[in-house]
Amino acid sequence: MTTVAVLGAGPAGAAVALGLRRLGYAVTLVSEWRRFAALEGVSQRVLEALRGTGLHHALAQAALPSQRQVNWNGEQHAQNVEFLLDRPTFDRGLREDLSLAGVELIEGRVLAVQPCAGGHRIELEGRQALLADFLVEARGRQAPAIGRGLRGPETVSLLNRWQGTPGDTASAVESLADGWAWMARRADGQCYWQWTVDVASAELPGKAMLLEHCRQRRRDSAVARRFFGAEEEVDLQLHARSSTAILSPQVCGDDWIRVGDAAMAVDPLSGNGIFQSLSSALQAPTVINTLLCKPERAALAQRFHQQRVEQLFLRFARIGRDFYADEQRWLDQPFWQARRQWPDAQVAHAEADFARLRIDRAPVLRDGFVDEAEVVITADQPLGIWHVQGVELAPLVRRLRNEPAGQVLAGLTVEQGRMVRSWLLAQGFKP
Ligand code: FAD
């Protein structure tokens, strides 16, 4: 029987493990616990995606609704509700979901992974090595790099956590001359302030003085003073983590795949890290199933995963760039200069133009495997769209070039007609 080992029990590793169990694979997941307690903000859409994946225990107690305030470019907005995920609770819940799905869990540290006859040998701390036919690398940002890949400006986030007085759950984000800060308070009084700065220009003091330096920066900020008040910060702790955007140069081979932050880690400004890690993980079981059962399609399956990861990474990098560019007060500060130009000058959302739609063959997901089909390539969807509401778009777009729309769309059901018309109009089609 084929054995699959998943390294890392974050949302990405968990989503792949559950997906593989549904396909009937025997899955062993190895992970240690995260080394610090973080709180992370996610949208309603992310919660729904997590639920859709089957991660019910993970969400049962971890998500607290919070009104998020944004202070950017000197303006203040109260944005819609975000949900604060308590990562230790969430991560514990992930493991419950995994155990219930029949995933074999090994709590421990992976020391090294080596290729061996017919698969991989995974060296574990204080235990016997594990052998697996297929490897899923989901150790997040701690996954060993396999080359430089594409990297955004080097960035570090300093997380301060302390116990304050209980109050309402709230969160806020603030731009600063040399970076930005995210802050949150849980109803039980746990407070978080996360300061994200440019590694090259931040001029941070040594470790011994860093906590005091952060405290001073908090005192200097009117937004932070208002948010936390003048209360005592009990049991103040600091944890530094890299938050550089990183795209791995290769994310799939014949018998391995990288998912989540191990494949691409995004700038935390997007507040989309978990969503993106899930996106790459949700497609992975089908890619793995294809690699294992239909090796003749290996190149196609690898191309599918690689292209989707790259495209998602660049799309979110460009959206992040535009958000940085909205901050106009510190145009000559290195933090803002570097980030409003990276990764490139391409627009995040290209204008629709029906005349420029192209038809091409591309990898798609069909009946549980990666397959190839004709898709329609649009400026905004360079990997192509295969169908809408079950209607294949390539033959339809081809016919629309020579035939009247009424005739082309005649055979569709009411619902299909509505969805396809709406897609066509969004592509700039003029009936
Ligand atoms: P992870 O969640 O990192 O999981 C990896 C797992 O692998 C961990 O359990 C780890 O302990 C384990 N592991 C690592 N090394 C080993 C080893 N050698 N042996 C065994 N196990 C190992 N996302 C949001 O959606 N909202 C936010 O507000 C947000 N804020 C962020 C702030 C910062 C500063 C950063 C850096 C990221 C933030 N993110 C946020 C992103 C989010 O944390 C990640 O995108 C997401 O957790 C990635 O999931 P993952 O499953 O790929 O990896």
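**Helix packing and a small set of strands**

In this predicted model, helix α1 (residues 11-22) and helix α4 (residues 87-100) have axes that come within 10 Å and cross at roughly 15°.

Me: Why is α1 called roughly parallel to α4?
Reply: The axes cross at roughly 15°, and angles under 35 degrees count as roughly parallel, so α1 is roughly parallel to α4.

Me: What is the hand of the crossing in which α1 passes α4?
Reply: The crossing is left-handed.

Me: Which residues make the contact of α1 and α4?
Reply: From α1 come P11, A14, A17 and L18, and from α4 come R87, F90, L94, D97 and L98. By class, seven of these residues are nonpolar, two are charged and none is polar.

Me: What makes β11 and β19 edge strands?
Reply: The open sheet has three strands in the order β11-β17-β19, paired antiparallel. β11 (150-151) and β19 (264-265) each have a single partner strand, so each has one side without a neighbour in the sheet.

Me: How do you know that β17 and β19 pair?
Reply: Pairing needs at least two bridges, and β17 (residues 246-247) has two bridges to β19, in the antiparallel sense. L247 has M264 of β19 as its bridge partner.

Me: Why is the chain called as compact as a globular protein of its length?
Reply: The chain has 12 helices and 23 strands. Its radius of gyration is 23 Å and the globule rule gives 22 Å for 431 residues; the values are close, so the chain is as compact as a globular protein of that length. Along its principal axes, the C-alpha trace spans about 70 × 60 × 40 Å.

Definitions and conventions:
Residues numbered from 1 in each chain as written. Predicted model: local features only at pLDDT ≥ 70, side-chain atom pairs only at ≥ 80, totals over all residues. Heavy atoms only, no water. Axes fitted to C-alpha atoms, helices over the stretch in contact; angles between N-to-C directions. Helix = DSSP H or I, 4+ residues; strand = E, 2+ residues; numbered from the N terminus. Parallel < 35°, antiparallel > 145°, perpendicular 65-115°, else oblique. Left-handed = near helix turned anticlockwise from the far one by under 90°. Contact = heavy atoms within 4.5 Å. Nonpolar A, V, L, I, M, F, W, Y, C, P; charged D, E, K, R; others polar. Rg over C-alpha atoms; globule rule 2.2 N^0.38 Å.
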